[in-house]
Amino acid sequence: MPDLNSLTNELFDRREAMRPTLRTWLKHSALLLIAFLTVTIAGVLPPFNAVEIFPNVPDPQTWTEIYQFIFSLPSLYVQLIFSTIQKLLTDFETFIYGVKFSVSLLAILTAHEAGHYVACRLYRVDATLPYFIPLPPLIGPAGTLGAFIKIVSPMPSRRATFDIGVAGPIAGFIALLPILIFGLFTMEQSSPEAAAALAQGGLY
C-alpha cells in the first residue's frame, strides 16, 4: 500500500499551478509602479540624499511654536512631496539619483520574490504574483514596506518547503551583487564639510 507521501507527490506531479490572469498582472503592475514612485521620492530625501526638509521653516523654540509646527506638519509634508516631485521633474541629476535608488532597491525586492514564485511554479504550488507595498516617503523605510507573495495551496513535501523558502534569499543575493559592485565603483567621496556635519549628528 503506497504511503501518504507517495500519494501526495503523485497528486502534485499531475496538477498544474494556477496562472495569473491579465487583471492580476495589471493589479500587481500598478502596485509596482506606485512603489517605484514612492521609493524614487524617498531616495532623494534624507537619509538617502541631501534634499533639505522644510528649509523655510524655523526651528520651534517655544511650546507654542512646537504646537504650531506639529499642527502644520500635514500641510508641510504635502508641500514637501510636491516640491520634491517638481525637483525630480526639473533637475536631471536629482532624477537620476532617485531612479538609481528605486531601481536598485526594487530590483532586489523583485528578484527575492521572483525566487519564491519561480520555485512555487517548479513545485506546482499555487502562489500569487508579488505584492509590492508602497509607503509614503519619510513615513516608512525607503518608501516601501517591501513585498510578499501569498502561497494558496499546501506544500507537497518538506523539500519543497525548504527550496521555496530559500529560493528568495538566494535570488535576492544574486541580484544584490552587481548593484553592490556598481555602487562601490560609482560612489562619490564625501566632502570634509559633509563628513564633519555627519559626525556632529547632522544630515548635511
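**Exercise 1.** In what crossing, by hand, does helix 2 pass helix 4?

*Solution.* The model is predicted: local features need pLDDT of at least 70, side-chain atom pairs count only at pLDDT 80 or more, and totals for chains, interfaces and linings use all residues. Residues are numbered from 1 along each chain as its sequence is written, and side-chain values use heavy atoms, without hydrogens and water.

Step 1. Helices are DSSP runs of H or I with at least four residues, numbered from the N terminus. Helix 2 covers residues 22-43 and helix 4 residues 92-122.

Step 2. The crossing is right-handed, that is, the near helix is turned clockwise from the far one by less than a right angle.

Step 3. The axes (lines fitted to C-alpha atoms over the stretch in contact, with angles from 0 to 180 degrees between N-to-C directions) lie 8 Å apart at an angle of about 130°. Helix 2 and helix 4 are therefore oblique to each other; under 35 degrees counts as roughly parallel, over 145 as roughly antiparallel, 65 to 115 as roughly perpendicular and the rest as oblique.

**Exercise 2.** Determine how helix 4 is oriented to helix 5.

*Solution.* Step 1. Helix 5 comprises residues 158-186, and its axis comes within 7 Å of that of helix 4, crossing at roughly 155°.

Step 2. Helix 4 is therefore roughly antiparallel to helix 5.

Step 3. Helix 4 also passes helix 5 in a right-handed crossing. Contact (heavy atoms within 4.5 Å) involves residues including Ala111 and Gly115 of helix 4 and Gly168 and Gly172 of helix 5.

**Exercise 3.** Classify the residues of the contact of helix 4 with helix 5.

*Solution.* Step 1. Ala, Val, Leu, Ile, Met, Phe, Trp, Tyr, Cys and Pro count as nonpolar, Asp, Glu, Lys and Arg as charged, and the others, Gly among them, as polar.

Step 2. The contact has 13 nonpolar, seven polar and two charged residues. Among its residues are Lys100 of helix 4 and Asp163 of helix 5.

Conventions. Helix = DSSP H or I, 4+ residues; strand = E, 2+ residues; numbered from the N terminus.
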